[in-house]
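Biologist: I have this model open beside my notes, and I would like a close look at a single part of it. Please pick one and tell me what surrounds it.

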Amino acid sequence: MSVHEQVNTFLVEIFGRINRIEQRALAAGLNDEVTIAEIHILEKIGDMECVRMSDIARALDITLATLTIACERLEKKEMIERVRAKHDRRVVLVSLTPKGWAAYHYHQQFHNNLIDSALSGLTDDEQRVLGSALQKIEDFLGTF
């Protein structure tokens, strides 16, 4: 198998595997209460704290309409809170509730455990080379 074929196979398969692992972890830890798409919205809200809906949509590269529908579901699940900004009533700010923070931290711990396991068998030099190679791939993918 050529390096080209190996990288292609790896990227396609690893994306699917990580999604399946993440779905199982979410189902086990959060009782199927949150979907992958929803947890990534919670992640952005948690990373940015109290944030504008438009900023979240931009960060996730989704439309504001798509985000609004997802946020309605998350609000019903009592994971987020939306409020209108006092300085401009057109602006909607979103923040995590205690239940949302619990899901956020659970997801963060999942990723920390996943990365720790993936790097555990590598030397420091191998970890640096992997990090550098992945950064170059991310930079390339960011051009699309």
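Modeller: Happy to; what follows is a walk around one helix and its neighbours.

A word on the ground rules first. This is a predicted model, in which local features need pLDDT of at least 70 and side-chain atom pairs count only at pLDDT 80 or more, while totals for chains, interfaces and linings use all residues. Residues are numbered from 1 along each chain as its sequence is written, and side-chain values use heavy atoms, with hydrogens and water left out.

To set the scene, the protein has six helices and three strands. These are DSSP runs numbered from the N terminus (helices are H or I, at least four residues; strands are E, at least two). Along the sequence they are arranged as α-α-β-α-α-β-β-α-α. Of the 144 residues, 26% are buried; here buried means under 20% relative accessible area, exposed over 50% and partly exposed in between, with a 1.4 Å probe and protein chains only.

The part I have picked is helix α5, residues 98-119. Its 22 residues should span 32 Å at 1.5 Å a residue, and its end C-alpha atoms are 31 Å apart, which agrees. The expected span is 1.5 Å times one less than the number of residues.

Now for the two sides of α5. G100, A103, Y104, H107 and F110 are its buried residues. Looking down the helix axis, they fall within an arc of 120 degrees, so they line one face of α5; that arc is taken from the directions from the helix axis to the C-beta atoms. Turned away from this buried side is a face with the exposed residues P98, D116 and S117. The cover over the buried residues includes α1 (3-30), α2 and β3 (92-96).

Take α2 (residues 36-48) next: its axis comes within 9 Å of that of α5, and the two cross at roughly 100 degrees. Axes are lines fitted to C-alpha atoms, for helices over the stretch in contact, and angles run from 0 to 180 degrees between N-to-C directions. The pair is therefore roughly perpendicular, a label for 65 to 115 degrees; under 35 would be roughly parallel, over 145 roughly antiparallel and the rest oblique. From α2, the contact (heavy atoms within 4.5 Å) uses I39, H40, L42, E43, G46 and D47, and from α5 it uses W101, A103, Y104, H107 and Q108. By class, that is five nonpolar, four polar and two charged residues. Ala, Val, Leu, Ile, Met, Phe, Trp, Tyr, Cys and Pro count as nonpolar, Asp, Glu, Lys and Arg as charged, and the others, Gly among them, as polar.

One residue of α5 deserves a closer look: H107. Its relative accessibility is 1%, so H107 counts as buried. Apart from neighbours within four places in sequence, H107 contacts E22, L26, I39, H40 and E43.

Some of those partners also appear where α1 meets α2. There, N19, E22, Q23, L26 and L30 of α1 touch I36, I39 and H40 of α2. This contact has four nonpolar, three polar and one charged residues. The two axes come within 10 Å and cross at roughly 80 degrees, which makes α1 roughly perpendicular to α2.
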